[in-house]
Amino acid sequence: MFNFAKLFKNLIMSSNIRVRFAPSPTGPLHIGGVRTALYNYLFAAKNGGTFILRIEDTDQSRYVPGAENYIIRSLEWAGLMHTEGVGQGGDFGPYRQSERKEIYRQYAMQLIDSGHAYYAFDTPEELNDMRERMRKQGLPSPQYNAISRQYMKNSETLPREETQIRLDRGDKFVIRIKMPRKEEVKFEDMIRGWVAFQSDQLDDKVIFKSDGMPTYHLANVVDDHLMKISHVIRGEEWLPSTPLHVLLYRYLGWETERPQFAHLPLILRPDGNGKLSKRDGDRLGFPVFPLDWKNEENGDTASGFRERGFFPEPFINMLAFLGWNPGTEQEIFSKQELINAFDISRINKSGARFDFEKAKWYNQQYLKSLSDTTLAGELLPLLKQAGFNHPAGYVKEVCRLFKERVYFLNDFIQEGSYFFQQPAVYDKKIIRKKWNTSIQTIFSDLLATFKSLSQWDAGSIEIVIKALINQKNLKFGDILPVFRVMLCGTLAGPPIFEVAELLGKTETLQRMETFIKLNEA
RNA sequence: GGCCCGUUAGUCUAUCGGUUAGGACGCCAGGUUUUCAUCCUGGAAAGAGGAGUUCGAUUCUCCUACGGGCUACCA
């Protein structure tokens, strides 16, 4: 039995499937990034592969303190922990690109030596001038390419000696890839099929910056190769630069072991146009981040799904369905079920608009499926935080009574506040419509009857009220709404007799008295 | 502007040439409920447009339109 399990585990670990999630620590991760991580995670888990976290911090100017930590905590919360990479270690580290500087330099040099890249010494001003000039000539998107490179300062145009002199005296330089003049570059995307680009449309992208850091393009190709990544699953925004990456694999001599590409459709804004952005969050009244985010430098804050009351399981369930579906009519999936059902070939091509209403529904379904005890366990800490110290048994009963009418845990405290404290306000309409001296007398009598009641449960309360209604020739609608408002302040809620039972005799009587005193006619 | 990707109801989607175009969220109506919610039943709601290919196109091809992405010494 144990041997069998071990054998099975070894079998799984030996899978060659290796995927990575490679965010850059420029701020909080939004749900588009979480979904990319999710698909990578599901693909690895489904195939017994390895899910790696790599931090792409090659742009030091955009580095945001706390972002890396935020990313890791977010993945942790969502249940998408990596088994290799930053914070976990592994055989292919370091996993932070800023710590791999020398590796990239070596491969940049290899590309220069093989004639596939060259030094360029142009200053930002010179580049601007070039672009301005070309724009004036009617070229809307000026490129540094086979044509224009001939008029710039680089090792292709400068005499060999001058290049050497510039390098020796420490002039600033970048390294650019030398795009072939006219060549078709094509690759097969797992989601989109064959995609083809013409190399004359691509420009001589900078692959190594003057600060000694590689750009994304070089770094991701080098790292994916060195880390033996088998599948690159990333957002569609990378599709246009993929031919560049394909060429880099080729020029570096890695074409036969090149990973497979899968470019994910984007998550679009629920309103208007464009892809979902980090700024869309609180502007639209719902979170776009997994966790609350506070920027330590500029004090910016943004709200997260966790703090909004989402559970991790429905959160990833909802995200998984933004761009993928299993082809069955099942919509509610546990994480394990997602792993079992996940299949890259069933990922859609077109972008998905994020819908917060649907997200709420997923959370509600999950919440309703939890047992009262489990739910109470989740709710207890939140209650304590809000200053309530009700016993677990009581909270469990609240969950039983109230869970059908909430979306989030927080709703128990907000919309169900009357379970934990006297109502602070009462529904004014009901007072205006139903409250008068005669009804007041009736409730005073009812109060007295309740006081004499030896048994306090929903059934007994109901019998008393029914008797009262018959005796006074009233209707349920004359009494019950008022009774409910006395106890809850609001007109909505679980069956009122059960609420009264749960509140207990003392509390119920007290709330009735308070109300009557407050509204003496 | 150029290049690339996409296009089934308001939204997420099923359909791998022949279906009354299915499901879900949301919406509306009815039932259940003292109320609200849940739940149940029902309803409105979709193949962007135009050419082809085919006995037959939502499905394949092309064009147009629309949407999106990219177009930095950012990722």
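Strands, cores and the RNA surface of a predicted model

Strand 9 and strand 10 pair in the parallel sense over five bridges. Helices (H or I, at least four residues) and strands (E, at least two) are DSSP runs numbered from the N terminus, and two strands pair if DSSP finds at least two bridges between them. This is a predicted model, in which local features need pLDDT of at least 70 and side-chain atom pairs count only at pLDDT 80 or more, while totals for chains, interfaces and linings use all residues. Residues are numbered from 1 along each chain as its sequence is written, chains are lettered from A and ligands numbered from 1 in the order in which they are written, and side-chain values use heavy atoms, with hydrogens and water left out.

Within the parallel pair, H231 belongs to strand 9, and its bridge partner in strand 10 is Q260. H231 counts as buried because its relative accessibility is 8%; buried means under 20% relative accessible area, exposed over 50%, and partly exposed in between (1.4 Å probe, protein chains only). Apart from neighbours within four places in sequence, H231 is in contact with I17, R18, V19, F43, M190, P259 and Q260, where contact means heavy atoms within 4.5 Å. Strand 10 (residues 260–264) has four of its five residues buried, so the strand is largely enclosed by the rest of the structure.

Helix 7 is also largely enclosed by the rest of the structure, because 10 of its 11 residues are buried. These buried residues are Y216, H217, L218, A219, N220, V221, V222, D223, D224 and H225. They pack against strand 1 (18–21), helix 4, strand 8, strand 9 and helix 8 (242–251). Just after helix 7, K228 takes a positive phi of about 55 degrees. The residue lies in the loop between helix 7 (216–226) and strand 9 (231–235). K228 is exposed, with a relative accessible area of 54%.

Two further backbone features sit in loops. N473, a residue other than glycine, has a positive phi near 60 degrees; it is found in the loop between helix 19 (458–472) and helix 20. N473 is exposed, at 70% relative accessible area. The peptide bond from G93 to P94 is cis, with omega near -5 degrees, and P94 is placed in the loop between strand 3 (84–85) and helix 4 (101–113). Most residues other than glycine have a negative phi, and most peptide bonds are trans.

An open sheet of three strands has the order 4-5-8, with antiparallel pairing. Its edge strands, each pairing on one side only, are strand 4 (117–120) and strand 8 (206–208). On average, neighbouring strands of this sheet are turned by 45 degrees against each other, direction ignored; the axes are lines fitted to C-alpha atoms, for helices over the stretch in contact, and angles run from 0 to 180 degrees between N-to-C directions. Strand 5 (residues 174–177) is joined to the antiparallel strand 8 by two bridges, and I175 stands opposite F208 in strand 8.

I175 also appears in the largest nonpolar core: of its 99 residues, Y39, I175, F305, F315, M318 and F354 touch the most other members. Such a core is a set of buried Ala, Val, Leu, Ile, Met, Phe, Trp, Tyr and Cys residues joined through side-chain atoms within 4.5 Å. Helix 2 (residues 31–46) gives the largest share of this core, nine residues. Leaving aside neighbours within four places in sequence, F354 is in contact with I31, I267, L268, P270, F286, P287, F305, M318, L322 and A359. A second, separate core of 57 residues includes F388, Y418, W456 and A458.

The remaining topic is the RNA. RNA strand B is surrounded by 60 residues, the closest being S141, R192, N273, E404 and R405; a residue is near a molecule or strand if one of its heavy atoms lies within 4 Å of it. Of the atoms of RNA strand B that come within 4 Å of the protein, 73% belong to sugar and phosphate. A phosphate oxygen of RNA strand B is 3.2 Å from a polar backbone atom of Y216, and a backbone N or O atom of K275 lies 3.1 Å from a phosphate oxygen of this strand. A polar backbone atom of D122 is 3.3 Å from a base nitrogen of RNA strand B. The largest share of the surface near RNA strand B, four residues, comes from helix 13.

Methods. A polar contact is a pair of N or O atoms within 3.5 Å; within protein, one must be able to donate a hydrogen and the other to accept it, and residues adjacent in sequence count only if both atoms are side-chain atoms.
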